[in-house]
Amino acid sequence: MSQGEDNNRDRDLAGLLGEPPILPGESENRYAALRGEIARTINPKNIFEQMRVQTLTDTMWEEMRYKRFGAKLIDGSRVNALAVLMTPFMSFSHRQAAALAENYYGSDPKKREAAAGLVAYFGITLEMIHAKAASIEGPNLALFDRLIANRQTANRVLLNDHERRERKAQKSARRAKATASTSEPPVKLKAV
């Protein structure tokens, strides 16, 4: 089979297996590169191995996505987290603390500088803000942790199956080689 026929066959199989789970803003090229590396490793020879490549690619892609989402959740909660941390220092006025947090993360350089000075004065660090944001998003992060663990389990099962198949193929090849080297060549009879 030629390279062109192989590419057409791969495209046809990919069409049968469905569209990749790429969200807007995600890189189709990165997905294709990941799929290509997995396909090179597994070296699929039939539709079932193609399905294994597709499933493994999809679950790895989704696992990476959920890890990014967890970081984005924390990032998105920084303003709220800073407001919570600043509330005790603002006479327990959540409104004042929220205004300060908005200034701290806002676009006005003068307001940002003043807010940063006050935050630093009270000893609040970026690490503390991220920790508070993580605690605020705890239930959502736990959900992503479960989704990640689910994908990792699926990947582990697929990889273990692939390794088992590889070991079985190697064992069969060794047996065939051993059998070939120990068998005696057939005796040729001369015509009389």
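The following paragraphs describe the helices of a protein chain, the way several of them pack, and a few individual residues in loops and helices.

The structure is a predicted model, and its protein chain contains eight helices and zero strands. Read from the N terminus on, the elements accordingly follow the order α-α-α-α-α-α-α-α. The protein chain has 192 residues, of which 27% count as buried, and its accessible surface comes to about 13,400 Å², with 56% of that surface belonging to carbon and sulfur atoms. When contacts between residues at least 6 apart in sequence are considered, 64% of them join residues at least 24 apart.

The packing of helix 2 with helix 3 may be described first. Helix 2 spans residues 28-42 and helix 3 spans residues 47-76, and the two pack at an angle of about 135° with their axes 9 Å apart. An angle of this value falls outside the ranges for roughly parallel, roughly antiparallel and roughly perpendicular, and helix 2 and helix 3 are therefore oblique to each other. The crossing in which helix 2 passes helix 3 is right-handed. On the side of helix 2, the contact is made by Arg30, Tyr31, Leu34, Arg35, Ile38, Ala39 and Ile42, while helix 3 contributes Gln50, Arg52, Val53, Gln54, Leu56, Thr57, Asp58, Met60, Trp61 and Met64. Sorted by class, the residues of this contact between helix 2 and helix 3 comprise 10 nonpolar, three polar and four charged.

The loop between helix 2 and helix 3 holds Asn43, a residue other than glycine whose phi is positive, with a value near 55°. Most residues other than glycine have a negative phi. Asn43 counts as partly exposed because its relative accessibility is 44%, a value that lies between the limits of under 20% for buried and over 50% for exposed.

A second residue with a positive phi is Ser91, for which the value is likewise near 55° and which is also a residue other than glycine. Ser91 is located in the loop between helix 4 and helix 5, and its relative accessibility of 66% is the reason that Ser91 counts as exposed.

The two helices joined by the loop that holds Ser91, helix 4 and helix 5, pack at an angle of about 135°, with their axes 8 Å apart. Helix 4 is therefore oblique to helix 5, and helix 4 passes helix 5 in a crossing that is right-handed. From helix 4 the residues Val79, Asn80, Leu82, Ala83 and Met86 take part in the contact, and from helix 5 the residues His94, Ala97, Ala98, Leu100, Ala101, Glu102 and Tyr104 do so. In the contact of helix 4 with helix 5, nine residues are nonpolar, two are polar and one is charged.

Helix 4 also packs with helix 7, in this case at an angle of about 105° and with the axes 8 Å apart. Helix 4 is therefore roughly perpendicular to helix 7. The contact involves Arg78, Asn80, Ala81, Leu82, Val84 and Leu85 of helix 4, together with Met128, Ile129, His130, Lys132, Ala133 and Ile136 of helix 7. The residues in the contact of helix 4 with helix 7 fall into eight nonpolar, two polar and two charged.

Within helix 4, which covers residues 78-86, the buried residues are Ala81, Leu82, Ala83, Leu85 and Met86. The cover over these buried residues of helix 4 includes helix 5 (94-104), helix 6 (109-121) and helix 7 (126-136).

Phe122 lies in the loop between helix 6 and helix 7, and it counts as partly exposed because its relative accessibility is 26%. Apart from its neighbours within four places in sequence, Phe122 is in contact with Met86 and Phe89. The C-alpha atoms of Phe122 and Leu85 are separated by 9.8 Å, although the two residues are 37 residues apart along the chain. Both Leu85 and Met86 are listed among the buried residues of helix 4.

A further pair of residues is formed by Ala71 and Ala134, which are 63 residues apart along the chain and whose C-alpha atoms are separated by 8.9 Å. Ala71 belongs to helix 3, and with a relative accessibility of 47% it therefore counts as partly exposed.

Methods
Residues numbered from 1 in each chain as written. Predicted model: local features only at pLDDT ≥ 70, side-chain atom pairs only at ≥ 80, totals over all residues. Heavy atoms only, no water. Axes fitted to C-alpha atoms, helices over the stretch in contact; angles between N-to-C directions. Helix = DSSP H or I, 4+ residues; strand = E, 2+ residues; numbered from the N terminus. Parallel < 35°, antiparallel > 145°, perpendicular 65-115°, else oblique. Left-handed = near helix turned anticlockwise from the far one by under 90°. Contact = heavy atoms within 4.5 Å. Nonpolar A, V, L, I, M, F, W, Y, C, P; charged D, E, K, R; others polar. Buried < 20%, exposed > 50% of the residue type's maximum accessible area, 1.4 Å probe, protein only. Areas by Shrake-Rupley, 256 points an atom, 1.4 Å probe, with all protein chains shown as cover.
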